[in-house]
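Me: Could you take a close look at one loop position for me, and set it in the context of its chain?

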Amino acid sequence: MGWLWAIIVGLVLGLIAKAVIPGKQHIPLWLATICGMAGAIAGNAVARGFGIEETRGIDWGRHIFQLVAAIVIVFFVDMLYTTMKRRKHGEQRA
């Protein structure tokens, strides 16, 4: 059941990250979900580093770190994805 929650959280974080970043992102939904999952893992690690452990109720601090990490990851993966896609189309034309 843990893997299902990881996918759901990754999907939500990936979609929010795509909505927050200005402009159009070209990464597909599956890649945004993976980026969201990576953002959740990275955000948890950063939150733990700041001493924010699981608390009773909603862990807003941890969720903010997860979202910020997902935004950064989606931004850089979209840049990389777009560059690779342009390079691939350029090679096919030559």
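Reply: Happy to; here is Thr55, followed by the chain around it.

This is a predicted model, in which local features need pLDDT of at least 70, side-chain atom pairs count only at pLDDT 80 or more, and totals for chains, interfaces and linings use all residues. Residues are numbered from 1 along each chain as its sequence is written, and side-chain values use heavy atoms, with hydrogens and water left out.

Thr55 sits in the loop between α2 (29-49) and α3 (60-93); helices here are DSSP runs of H or I with at least four residues, strands are runs of E with at least two, and both are numbered from the N terminus. Thr55 counts as partly exposed because its relative accessibility is 48%, where buried means under 20% relative accessible area, exposed over 50% and partly exposed in between (1.4 Å probe, protein chains only). Between the C-alpha atoms of Thr55 and Arg87 there are 47 Å, with 32 residues separating the two along the chain.

Now the setting. The protein chain contains three helices and zero strands, giving the pattern α-α-α along the sequence. Its C-alpha trace spans about 60 × 30 × 20 Å along the principal axes. Of the 94 residues in the protein chain, 24% are buried. Contacts (heavy atoms within 4.5 Å) also say something about the fold: among those between residues at least 6 apart in sequence, 66% join residues at least 24 apart.
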